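Here is a short tour of the model on your screen. Keep the viewer open and follow along, section by section.

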Amino acid sequence: MLGSGGHADVARRVIREVSQIFGEFNVSDFVWCLRKFDVQGFKRRSDNIHRRYDELLESIIGSREQARKEESTRNEAGDEDEKVKDFLDVLLDVMEDDGAEIELTRDHIKALVLDFFTAGTDTTAATLDWSLAELINHPQLLTKARQEIDRVVGSDRLVQESDAPNLPYVQAIIKETFRLHPIIPMIARKSTRECHVNGYTIPAETLLFVNMWSIGRDPNHWPDRTLEFWPDRFVRSDVDITGQHFQLLPFGSGRRSCPGMPLALRQLPTALAAMIQCFDWKVISGVDGGDAGLVSMDERPGLTVPRAHDLVCIPVARLPNII
Ligand code: HEM
């Protein structure tokens with residue numbers, strides 16, 4: 001999602017660390033008399049992550065500002081066509097415009113980019129990782145998905161975003177991945193006033209957690225093959241993942257639900273279908289922590305729940321003419 005080398009490697013490392021520390025239990029948050037003490041060294045660690053993240057963002061924004069200056073000098077000299085702008089350019093345009101409707105500071109931009117990096121990269125990448133790992137461990141499902149892709153797309157061109165609505169089995173695989181491996185396992189809400197739910201009284205100002213990981217494995221909601229990766233359960237089902245069906249809420253629900261959902265739901269089926277269409281995946285025994293011929297399904301705890309081990313496989317090109 002981020003490419004590799006330089007900024008990408010640093011970004012990947014700090015994003016992982018943010019997700020990890022976010023999900024850890026901090027005694028000082030809950031035990032009143034410890035609130036001023038950094039018993040587990042959280043403050044030291046979070047200050048360190050903050051400093052490195054800030055340096056990364058400064059470096060990305062600084063080099064873009066430099067590039068914009070050089071481009072504008074070239075444009076003034078009439079040397080170059082105007083470049084297509086990306087998200088950061090648009091934000092910098094607003095920051096530099098004294099008459100802009102919204103006042104954006106450098107800190108606002110850093111916060112926005114940080115939000116997008118943290119919330120929008122590892123989530124999609126780790127979901128794809130889970131999907132592919134499940135398919136590698138269930139070759140018959142991989143074959144079924146591949147037959148669908150070969151039927152709909154053929155072997156002369158690469159699958160593209162517009163094919164996704166015609167790939168119901170690939171979509172079912174993604175839903176099933178979200179059911180068993182919701183990348184954000186819990187969502188949090190705070191009650192603004194006292195309310196009553198299912199016979200419980202919830203006082204005002206109460207922090208509530210919805211455990212989507214456990215709802216996805218609850219036989220009351222998923223009576224058939226509850227703990228099995230079985231995408232077929234979604235083939236003729238109208239359960240969707242956009243926040244209306246409360247047994248499956250990978251993107252949360254309501255006004256604070258994930259704003260990146262439309263983007264993720266475009267990226268996921270297209271990227272997964274391309275990986276299925278173009279490659280066979282050979283497991284390297286023992287490397288990924290799984291048993292011979294299988295990859296491990298261990299989880300790493302944190303704000304997000306990715307697989308514990310990096311997926312190390314050999315991709316064998318199936319359709320070399322279109323890659
Ligand atoms: C597989 C992909 C993704 C999953 C499963 C996911 C899931 C979630 C969940 C569960 C929440 C909390 C929602 C709630 O409390 O109701 C959330 C929030 C958020 N997500 Fe995502 N997300 C994904 C991708 C993205 C992408 C691609 C972006 C941006 C490009 C993004 C940006 C955000 C932001 C900014 C928030 C905070 C929203 C707020 O607090 O109001 N997410 N996401």
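## A buried glycine in a loop

Gly-41 counts as buried because its relative accessibility is 7%, under the 20% limit for that class. Its place in the chain is the loop between helix 2 (27-30) and helix 3 (42-76). If you would like a distance to check in your viewer, try Gly-41 and Leu-132: they are 91 residues apart in sequence, and their C-alpha atoms are 36 Å apart in space.

Please keep in mind that this is a predicted model.

## The chain as a whole

With that residue located, we can step back to the full chain. The protein has 323 residues, and 36% of them are buried. Its secondary structure comes to 10 helices and six strands. Along the principal axes, the C-alpha atoms fill a box of roughly 60 × 60 × 40 Å.

Two further totals may be handy for your own calculations. The accessible surface is about 19,100 Å², with 55% of that area belonging to carbon and sulfur atoms. Of the contacts between residues at least 6 apart in sequence, 65% join residues at least 24 apart.

## The iron and its cysteine

Which protein atom is the donor to the iron atom of the ligand? The single donor from the protein is SG of Cys-258, at 2.3 Å from the iron. To find Cys-258 along the chain, look in the loop between helix 9 (212-215) and helix 10 (261-278).

## Two neighbours in helix 8

Helix 8 covers residues 168-180, and Thr-177 is part of it. Glu-176 lies in helix 8 as well. Are they buried or exposed? Thr-177 has a relative accessibility of 0%, so Thr-177 counts as buried. Glu-176 is also at 0% relative accessibility and therefore counts as buried.

Their contacts are worth displaying, leaving aside residues up to four places away in sequence. Thr-177 touches Thr-127, Trp-130, Ser-131, Pro-182 and Phe-229. Glu-176 is in contact with Glu-228, Phe-229, Trp-230, Pro-231, Arg-233 and Phe-234. Phe-229 thus appears among the contacts of both Thr-177 and Glu-176. For a distance across the structure, Glu-176 and Val-14 are 162 residues apart in sequence and 29 Å apart from C-alpha to C-alpha.

## The largest cavity

How many cavities of 30 Å³ or more does a search of the whole structure find? The search finds two, and the largest has a volume of about 50 Å³.

The residues that line the largest cavity are Phe-178, Pro-182, Met-212, Ile-215, Gly-216, Phe-246, Gln-247, Leu-248, Leu-249 and Pro-250. By class, this lining has eight nonpolar residues, two polar ones and no charged residues. Pro-182 is one of the lining residues and is also among the contacts of Thr-177.

## The second largest cavity

The second largest cavity has a volume of about 30 Å³. Arg-16, Ser-19, Gln-20, Asp-122, Arg-300, Pro-301, Gly-302, Thr-304 and Pro-306 form its lining. Which element gives the largest share of that lining? Helix 1 (residues 6-22) does, with three residues.

Sorted by class, the lining of the second largest cavity has two nonpolar, four polar and three charged residues. The lining of the largest cavity, by contrast, has no charged residues.

Note on methods
Residues numbered from 1 in each chain as written. Predicted model: local features only at pLDDT ≥ 70, side-chain atom pairs only at ≥ 80, totals over all residues. Heavy atoms only, no water. Donors = N, O, S within 2.8 Å, 3.2 Å for Na, K, Ca; no water. Helix = DSSP H or I, 4+ residues; strand = E, 2+ residues; numbered from the N terminus. 1 Å grid on protein atoms, 1.4 Å probe; cavity = no way out; pocket = protein on both sides within 12 Å on 5 of 7 lines; lining within 4 Å. Points joined across faces, edges and corners; volume = space filled by probe spheres on them. Nonpolar A, V, L, I, M, F, W, Y, C, P; charged D, E, K, R; others polar. Buried < 20%, exposed > 50% of the residue type's maximum accessible area, 1.4 Å probe, protein only. Contact = heavy atoms within 4.5 Å. Areas by Shrake-Rupley, 256 points an atom, 1.4 Å probe, with all protein chains shown as cover.
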